[in-house]
Amino acid sequence: MRFGMMAEENTSGGMTGYIKHHLTHLTVNQGHGVFWSIHLDSVIFKLGISVFFVILFAMAARRATSGVPGKFQAAVELLVEFVDGMVKDTFHGNSKFIAPLAITTFCLVFLENFMDMLPVDALPAAGKIFGVEHLRVVATADINTTVGMALGVFLLLWYVGIKHKGVVLFFKEWFTAPFHAHGIWAVLLAPINLLLRLIEEGVRPLSLSLRLFGNMYAGELIFLLIACFTLDAALSHVSTYVLGGAQFIAGFIWTAFHILIITLQAFIFMTLTIVYASMAAERH
Amino acid sequence: MDIAVTLVIQGLVFFGVAWLVMKFMWPHIIAAIEARQKKIAEGLAAASKSEKDLDEAQARSKEIIREARDRAAQIVDQASKRSNEIVDEAKGTAAGEAQRLVAQAHDEVARETTRAREGLAKEVGKLAVEGASRLLQREIDPKTHAELLDRLAAEVARG
């Protein structure tokens, strides 16, 4: 195991070095090649956030009362009611786990995105004290995380589809939908249907993962660029104070705006999961 | 790489946004939560109140039914008492009437007896006078012997 690979990049210094440093994961190599390198920071933060979420909601569930709810319970209930209503409106299959899954998806993506709200240098600087050279705290700004989640959704869609239609109809629809036909036309249209289906199957996880990753990565990058206003600044220099003010204003605006982005991205991820599941459950 | 100033400003930004959220977003979230709490509290209060009302209404209906039953029993009692009274009264009246009739009949009988006796006595007197006149072959003036005849009749009547 080697912590903090690619140390040679730090030597370049300046803006490029700063940004590159921040975009480098804490990586361990478990074998040869890129595939076997594990982004330890993404894994740790995702796990930590998941545990935090589970403890939080388990507490809410444990303390739940059928009487007048406390503030926390009321907040959880509002969220659950909202998502459950959305699932009822959108998903017409008979799977009971879609709503809990949607809530979990939303909360996890939101909490992971929320790490972006913390000062972009805070945790990496803290990590440096403990000898951790690289640290990226936003798990959703790592394409491995988002692709992993999207693959989970992909498997879920297959499960929902097979559960609602049976294996035979599920695979038959690969050749008979969206273009229905009879006789010779059915045979002729089968490859086209299959091609469309394959594209669809590929596009869904791709769009889910790339959208989330792109938004979070770009957001993080902008935080890094804003941080560059006062990079390597000397307190004795007048420009530091001007640029410092500029950094504060820009950072303030972008952080405030980012509240919307992280919520919206989590919401979109959840909504699309529900919509895809609903489509998978439908017979064509 | 010195990022001290950068990090301080980032911290300021973080607390600035936290203030923004606290000032402008948090009140809305808390308001929604409190509205929900209030709605649930009101619903529960209404439910328990209606339950209490139902209990009260049931207790009152039981009370009313009990009262009505008591009243009915009372009325039945009264009615049977009254009917007994009426029967008793009727019995009394009938007995009195019967006694009165019997007494009247007795009087009547006594009067008739007296009258019959008086009539008989007069007749006896007349017969006696007639018999005597036949014996004496002469008329006896009933007027002159009225006193005698009357005494005779009284004697017969008494006997």
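The following exchange concerns a predicted model and the packing of its chains.

Colleague: Which conventions apply to numbering and to confidence in this predicted model?
Modeller: Residues are numbered from 1 along each chain as its sequence is written, while chains are lettered from A and ligands numbered from 1 in the order in which they are written. In this predicted model, local features need pLDDT of at least 70 and side-chain atom pairs count only at pLDDT 80 or more, whereas totals for chains, interfaces and linings use all residues.

Colleague: How many helices and strands are there in chain A?
Modeller: Elements are DSSP runs numbered from the N terminus, with helices being H or I of at least four residues and strands being E of at least two. From the N terminus on, the order in chain A is α-β-β-α-α-α-α-α-α-α. The C-alpha trace of chain A spans about 80 × 55 × 40 Å along its principal axes. Chain A has eight helices and two strands.

Colleague: What percentage of the residues of chain A count as buried?
Modeller: A residue is buried if 20 or more other C-beta atoms, placed from the backbone, lie within 10 Å of its own, exposed if 12 or fewer do, and partly exposed in between. Of the 284 residues of chain A, the buried portion is 30%.

Colleague: Which residues have the most contacts inside the largest nonpolar core?
Modeller: A nonpolar core is a set of buried Ala, Val, Leu, Ile, Met, Phe, Trp, Tyr and Cys residues joined through C-beta atoms within 7 Å. The largest such core has 38 residues; α2 (40-62), α3, α4, α6 (143-176), α7 (184-227) and α8 of chain A each supply at least two of them. Its largest share, ten residues, comes from α4(A). The residues with the most contacts inside this core are A:Ala102 and A:Phe106.

Colleague: With which residues is A:Ala102 in contact, leaving aside its neighbours within four places in sequence?
Modeller: Two residues are in contact if their C-beta atoms, placed from the backbone, lie within 7 Å. With those neighbours left aside, the partners of A:Ala102 are A:Val83, A:Val87, A:Met270, A:Thr273 and A:Ile274.

Colleague: Are α4(A) and α8(A) roughly parallel or roughly antiparallel to each other?
Modeller: Axes are lines fitted to C-alpha atoms, for helices over the stretch in contact, and angles run from 0 to 180 degrees between N-to-C directions. Angles under 35 degrees count as roughly parallel, over 145 as roughly antiparallel, 65 to 115 as roughly perpendicular and the rest as oblique. The axes of α4 (residues 98-114) and α8 (residues 238-281) of chain A come within 8 Å and cross at roughly 155°. The two helices are therefore roughly antiparallel.

Colleague: How do the residues of the contact of α4(A) with α8(A) divide into nonpolar, polar and charged?
Modeller: Among the residues making this contact are A:Ala102 and A:Phe106 of α4(A) and A:Met270 and A:Ile274 of α8(A). Ala, Val, Leu, Ile, Met, Phe, Trp, Tyr, Cys and Pro count as nonpolar, Asp, Glu, Lys and Arg as charged, and the others, Gly among them, as polar. The division is 13 nonpolar, five polar and no charged.

Colleague: What is the orientation of α3(A) to α4(A)?
Modeller: The axes of α3(A) and α4(A) are 9 Å apart, and the helices pack at an angle of about 125°. That angle makes α3(A), relative to α4(A), oblique.

Colleague: Where is A:Ser209, and is this residue buried or exposed?
Modeller: A:Ser209 lies in helix α7 of chain A. Its contacts beyond four places in sequence are A:Ile143, A:Thr146, A:Val147, A:Met149 and A:Ala150. Because 23 other C-beta atoms lie within 10 Å, A:Ser209 is buried.

Colleague: Which element gives the largest share of the side of chain A that touches chain B?
Modeller: On this side, 30 residues of chain A are in contact with 22 residues of chain B. The elements giving two or more residues are α3 (71-90), α5 (122-129) and α8 of chain A. The largest share, eight residues, comes from α8(A).
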